[in-house]
Amino acid sequence: MAASRTPLIALLTDFGTADWYAACMKGVILRTRPQTHLVDITHEIPPQDVAAGAFTLAAAAPWFPAQTVFACVVDPGVGTERPLLAAEADGQRFVAPDNGLLSLVLERAKRRALVKLTNPRCWLPAVSHTFHGRDIIAPVAAELAQGRPLRQFGIPVRRYRTLAIPPLKRLGRTLTGCVLHLDAFGNLITNLPAGLLALPSRWEVRYQQRRVRVVSSYEEGRPNELLAIAGSLGYVELAVRNGSAAARCRAKRYDPVRLCDTSRPATAGSS
Amino acid sequence: MAASRTPLIALLTDFGTADWYAACMKGVILRTRPQTHLVDITHEIPPQDVAAGAFTLAAAAPWFPAQTVFACVVDPGVGTERPLLAAEADGQRFVAPDNGLLSLVLERAKRRALVKLTNPRCWLPAVSHTFHGRDIIAPVAAELAQGRPLRQFGIPVRRYRTLAIPPLKRLGRTLTGCVLHLDAFGNLITNLPAGLLALPSRWEVRYQQRRVRVVSSYEEGRPNELLAIAGSLGYVELAVRNGSAAARCRAKRYDPVRLCDTSRPATAGSS
Amino acid sequence: MAASRTPLIALLTDFGTADWYAACMKGVILRTRPQTHLVDITHEIPPQDVAAGAFTLAAAAPWFPAQTVFACVVDPGVGTERPLLAAEADGQRFVAPDNGLLSLVLERAKRRALVKLTNPRCWLPAVSHTFHGRDIIAPVAAELAQGRPLRQFGIPVRRYRTLAIPPLKRLGRTLTGCVLHLDAFGNLITNLPAGLLALPSRWEVRYQQRRVRVVSSYEEGRPNELLAIAGSLGYVELAVRNGSAAARCRAKRYDPVRLCDTSRPATAGSS
């Protein structure tokens, strides 16, 4: 992997943007490798919410160029023995604590490689107890973006921490998924494939004991009506036009959402 | 128009920065044209508030370089038949839905050209129903920033959607304008020319039946006093020192603001 | 000082990111010098809070490359006669109002030089009363980042405004410092050297009449327990795991924090 163009690092943290934390990571990257392009994914992951970070990273990464390096910090275990990882997945690279933050991008990758960061050669000389984003992740990301082999940064590993996400389940005529993420607009993003909503659809969407009307644009929604729509990430989303589905339904992550097959059974029946 | 320097794209959306939406637009731009500089105007336009987006864009654009491309998404009609526009105005370029978002920059332009986006060649292969910012506006902006002619992107049009802003009115000795925008500090930005406040001024400022004192710096204000000042956009602004004029006055967009001519009539009188 | 690489400007303001103010500064910089890299430190300094701005700047600056220019605007006195400064401190450069905003970076600098901005040659042609960030600081920063000598921008001065920070005091076996800053997580950052907490430590931390337990990672904390930890800026910090020490303790800037020497006196005693 040669660095044939400007190295690009995308940052995702729970640091917020009111303090100097995200800026310090950028300063360290630019001190290490001045010709690096920096893009913020977000710094507003809810503090310590690894699952929200993992989802947001997985939602953003596919739209970025090959060879992008993602520097990711949602790290409640900073200062403990939890490892830090560098990973390669389908041509992009990632640096993050091993706490599930990378699990969604790694799970779907066709090719992946991981190392546990053990080589302090490019870390800052003094590593603090509370800010590995600045002291380890930033300088490692800066060097990874140069195209250096993963192996230079640590020991290959095969396992990584995953999140306990309820899997899709098919039972009779019902496909049960769940709310994977609540975005800042209050949209509920599920793990049910959006393709099933293509009209004419034989699937009915059900959430919280109610049937949810399927639309193809938000504007079709009536005031405060819960809608189902084929979302831009390829999954069924529940939404309220000009409003928050999350607030309207007091939705929680991992709430079940069901698709019910309404086609007539192919077999003959007496009814 | 040749791309003689690094292409620059400025982004303005109502996506917020907590989610991946703005980042996805940046990823798509950089995947399309890696050597593009990106600057955020803001992603905090209040959701679906086209008028606030139009004002913010018009406030920022003149300070950016010629040839800057502005990628703008405040798009309550996404997924419906509303058109998307690419425009050229006084040497800068714009991509946005045709819902009034571009109206203020287009109205004041000395030269302008518009096309309705109809050529899907540079769009993403799959266009979603809910995220044209990523699927159409971002890749079109990336190519526009290369200096390609507007005509390559669609069909020339002459009309565009405008906003219903009350015009300035002169009646006798009174010039009536309105609050065009409330900024995040709570300043009220009007459409009355700031030049009229130049001292000694014969104009008295009136808002909500009260006379408003004219100052030349915020520090002249007394606690909680409503002030009028020549604003940095060239218009009269109403402000409270270290406070919010919007909150103090429960101000609303399009509230009338008056300038009253206090000079003696030039004609002879009996009084 | 030659501009041997891409000029880098870091911005710190209290403008927020909802409006066009920060973007206008960037537009002006890029219009002046298109090949400039821009990094946001933050635009969320609490409005007019010079002390918070000074702390945040001092926390971020050391992690940025030499030759970085910091364009800083927390400027309650805009429009009055307060001077604007350009400064050089240990190889980095700063532009800001002379109101204490630069005092922390200047105080610790081994080498420093200052000028009062008096040369309007590179300012915008029309300088507003309310937005010197755009009209003066941005274009001066753009030129400073080219490596032009400080003297071209104004008159050398030696004095600058400082902040009234209570100094560290040693009395008997007690070292008294204070809370210098409350970050957005609610951590309390003091001016007491973190090195004193290195284990085994003879120092006990006291805040608000209570002893505070020293830990080496947040995860050691019990729910809602106030902790002391060696912070990433090199100072003692008080924190609550997954919570806000600021809210828990109703902490205020400049609250006293004490380190008490618990080692046995070296002199013989009767007890």
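**A walk from one threonine to the whole assembly**

In this predicted model, a useful place to begin is Thr42(B), which, once residues up to four places away in sequence are set aside, touches Leu11(B), Leu12(B), Thr13(B) and Thr56(B) in chain B, together with Thr17(C), Ala18(C) and Asp19(C) in chain C. The contacts of Thr42(B) therefore include residues of two chains, because a contact is counted wherever heavy atoms come within 4.5 Å. Along its own chain, Thr42(B) has its place in strand E2 of chain B, which covers residues 37-42. Is this residue buried or exposed? Thr42(B) counts as buried, because its relative accessibility is 1%, and the cut-off for that word is under 20%.

Two of the partners in chain C can be followed down to particular atoms. A polar atom in the side chain of Thr42(B) lies 2.5 Å from the backbone oxygen of Thr17(C), and the side chain of Thr42(B) also reaches the backbone oxygen of Ala18(C), at 3.4 Å.

Another residue that Thr42(B) touches, Thr56(B), leads to helix H2 of chain B, which runs over residues 50-60 and is mostly covered, since 11 of its 11 residues are buried. Thr56(B) is one of these buried residues of H2(B), and among the others are Val50(B), Gly53(B), Phe55(B) and Leu57(B), as well as several alanines, including Ala51(B), Ala52(B) and Ala60(B).

From this single site we can step back to the contact between chain C and chain B, which takes 31 residues from chain C and 33 residues from chain B. Between them the two chains bury about 2600 Å², and 60% of that area is on carbon and sulfur atoms. Which three residues of chain C supply more of the area that chain C buries against chain B than any other three? They are Trp20(C), Arg31(C) and Thr130(C), which supply 23% of that area. The count of salt bridges between chain C and chain B is zero, whereas the count of residue pairs in polar contact, with both residues at pLDDT 80 or more, is 10. On the side of chain C that touches chain B, the largest share comes from helix H1 of chain C, residues 21-32, which gives eight residues. Sorted by class, that side of chain C has 14 nonpolar, 12 polar and five charged residues.

The contact between chain A and chain B can be read in the same order, and here 33 residues come from chain A and 31 residues from chain B. The area buried between chain A and chain B is about 2600 Å², with carbon and sulfur atoms giving 60% of it. On the part of chain A, Trp63(A), Phe185(A) and Ser232(A) supply 26% of the area that this chain buries against chain B, which is more than any other three residues supply. Across this interface there are zero salt bridges, and there are 10 residue pairs in polar contact, again with both residues at pLDDT 80 or more. The elements that give two or more residues to the side of chain A that touches chain B are strand E2 (37-42), helix H2 (50-60) and strand E13 (226-230) of chain A. Of that side, the largest share comes from E2(A), which gives five residues. By class, the side of chain A that touches chain B has 17 nonpolar, 11 polar and five charged residues.

How, then, are the chains arranged? A rotation of 120 degrees, with 0.0 Å of shift along its axis, superposes chain A on chain B with an RMSD of 0.0 Å, and the two copies are thus related as by a three-fold rotation axis. In chain A, the C-alpha nearest the axis belongs to His37(A), at 5.1 Å from it. The two copies use different surfaces, for 3% of the contact residues of chain A recur in chain B. Chain C, too, is superposed on chain B by a rotation of 120 degrees with 0.0 Å of shift along its axis, and the RMSD is 0.0 Å. In chain C, the C-alpha nearest the axis is that of His37(C), 5.1 Å away from it.

A last stop lies within chain A, at Ala142(A) in helix H4, residues 132-144. Ala142(A) is buried, because its relative accessible area is 0%. Leaving aside neighbours within four places in sequence, Ala142(A) is in contact with Ile9(A), Ile29(A), Thr32(A) and Arg33(A).

Note on methods
Residues numbered from 1 in each chain as written. Chains lettered and ligands numbered in written order. Predicted model: local features only at pLDDT ≥ 70, side-chain atom pairs only at ≥ 80, totals over all residues. Heavy atoms only, no water. Helix = DSSP H or I, 4+ residues; strand = E, 2+ residues; numbered from the N terminus. Buried < 20%, exposed > 50% of the residue type's maximum accessible area, 1.4 Å probe, protein only. Least-squares fit on C-alpha atoms with pLDDT ≥ 70 in both. Buried area = accessible area lost by both parts, 1.4 Å probe. Salt bridge = Lys/Arg side-chain N within 4 Å of Asp/Glu carboxyl O. Polar contact = N/O pair within 3.5 Å; in protein donor to acceptor, adjacent residues only side chain to side chain. Nonpolar A, V, L, I, M, F, W, Y, C, P; charged D, E, K, R; others polar.
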